[in-house]
Amino acid sequence: MTLAGRVAVVTGATGVLGGAVARGVAEAGAAVAILGRSSERAEAFAAELRRGGADGHAVVADVLDEPQLRSARDAVLERWGRIDVLVNAAGGNMPAATAGDRSFFELSAEALDDVVRLNLGGTLLPVRVFGEVMLAEPFPEGGRSIINFSSMAARRAVTRVVGYGAAKAAVDNLTRWLAVELGGASNGRLRVNAVAPGFIVSAQNRSLLLDTDGRPTPRGENVLDHTPAGRFGEPEEVAAAVVWLAGPASSFVTGVVLPVDGGFDSFSGV
C-alpha cells in the first residue's frame, strides 16, 4: 500500500473528500500537489501536510480552465519532474440543478449544464492535461494511476440529484473508456479506475442527512435503512480505497468503478 517515491496531484483537495484523499496519499508516502481554486486554502493545507512531515505543495487552478490546469501541471513538473497519480476529486452537486422544492421540469437547462460540466468536464480536462505527461517513460514499478470520483447516484436513481447523477454516470463510462485507451497507449502501465462513495456526511449534504442535533433526518434514516453497514461513511474510508487504487498493490486493476458505500449498492430495499 506504499506510495513512497510517487508524485500525486489531487484536484478538489481543499474539500472534505479531496482533503481526506490528499492526506491519505501523503501518509502513504507520496509527494502531493494540492490543487484547488483558493490559493489561501490550498497553501494552508499544504503547509499542514509539511508540518506533519509530508511533501505537500499548493497549485491553484480551476478544473474547468485548461490554461490554468496547464500552468499547474508545469509547476508540478518543475518541482518534482513527473506525475504518477492523478485523483479527480473536484465536483459536487448544485442547488439550482436539484429537484425537490422545484420539479424536474422547472430546472433550468443552464443549471443542469453547469453541474454536468463541473463533474464530467472537471474530470475530463485534468485527465487531458495531466494524463498526457503521465504516459512518459520511465514508469515506476506497478505503473501510474488515474482515479476518478463517481457516486452511488451514477449507479442508482437517487431522488433530487438528477443532474449530478447523470454527470457521474458519464464519469463511469469515461473511466472505462480511458482505461482501454490509456492502457493501450502505455502497455498497461497507466491504469484508470474510479471510486463511487456512498453517503458520506459533508458540508454539501449535512442538512439533508442530519438534523441540527446530529440525528438522521427522514432522508438520512431512509439512507441508513438501505445501507447494510448501518451508518454513514467516513472520508478516510474513501481515501483508503484511493490509496489502494493509486499504488502497485492494485497493478492488475483497471476500468473498475469501486463502490465505497457500506453495501448500499447491494441492497434492493426489500
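**Helix H2 and the fold around it**

Helix H2 is followed by Gly53, whose phi is positive, near 95 degrees. Helices here are DSSP runs of H or I with at least four residues, strands are runs of E with at least two, and both are numbered from the N terminus. The model is predicted: local features need pLDDT of at least 70, side-chain atom pairs count only at pLDDT 80 or more, and totals for chains, interfaces and linings use all residues. Residues are numbered from 1 along each chain as its sequence is written, and side-chain values use heavy atoms, with hydrogens and water left out.

Helix H2 covers residues 39-51. Its 13 residues should span 18 Å at 1.5 Å a residue. The expected span is 1.5 Å times one less than the number of residues. The end C-alpha atoms of H2 are 18 Å apart, so the helix agrees with the expected span. Five residues of H2 are named as buried: Ala42, Phe45, Ala46, Ala47 and Leu49. Buried means under 20% relative accessible area, exposed means over 50%, and partly exposed lies in between (1.4 Å probe, protein chains only). The cover over the buried residues of H2 includes helix H1 (16-27), strand E2 (31-36) and strand E3 (56-60).

Other residues of H2 are less hidden from the probe. Arg41 lies in helix H2. Its relative accessibility is 48%, so Arg41 counts as partly exposed. Beyond its neighbours within four places in sequence, Arg41 is in contact with Thr14 and Gly15. Contact means heavy atoms within 4.5 Å. The C-alpha atoms of Arg41 and Leu124 are 24 Å apart in space, with their positions 83 residues apart in sequence. Ala44 is also placed in H2. At 46% relative accessibility, Ala44 counts as partly exposed. From Ala44 to Thr14, 30 residues apart along the chain, the C-alpha separation is 9.4 Å. Arg51 lies in H2 as well. Its relative accessible area is 67%, and Arg51 is therefore exposed. Arg51 and Ala153 are 102 residues apart along the chain, and their C-alpha atoms are separated by 37 Å.

The loops hold several further local features. A cis peptide bond runs from Glu137 to Pro138, with omega near -10 degrees. Pro138 sits in the loop between helix H4 (109-134) and strand E5 (144-149). Arg160 is not a glycine, yet it has a positive phi of about 85 degrees. The place of Arg160 is in the loop between helix H5 (152-155) and helix H6 (162-185). Arg160 counts as partly exposed, because its relative accessibility is 31%. Asn187 is not a glycine either, and its phi is positive at about 55 degrees. Asn187 is found in the loop between H6 and strand E6 (190-197). With a relative accessible area of 65%, Asn187 is exposed.

Thr227 is another loop residue, between helix H8 (218-225) and helix H9 (235-246). Its relative accessible area is 7%, so Thr227 is buried. Leaving aside neighbours within four places in sequence, Thr227 is in contact with Asp261, Gly262 and Phe264. Thr227 and Gly184 are 43 residues apart in sequence, and their C-alpha atoms are 37 Å apart in space.

The whole chain was then described. The protein chain contains nine helices and seven strands. For 270 residues, a compact globule would have a radius of gyration near 18 Å; the chain has 18 Å, which agrees. The radius is taken over C-alpha atoms, and the globule rule is 2.2 Å times the number of residues to the power 0.38. Along its principal axes the C-alpha trace spans about 50 × 40 × 35 Å. Buried residues make up 51% of the 270 residues. Among contacts with a separation of 6 or more, 71% join residues 24 or more positions apart.

The chain exposes about 12300 Å², and carbon and sulfur atoms supply 53% of that area. Accessible areas come from the Shrake-Rupley method with a 1.4 Å probe; for residues, only the protein chains shown count as cover. The chain has 25 positive and 30 negative side chains, and the centres of the two sets lie 2 Å apart. Lys and Arg count as positive and Asp and Glu as negative, while His and the chain ends are not counted. Each charge is placed at NZ of Lys, CZ of Arg, CG of Asp or CD of Glu.
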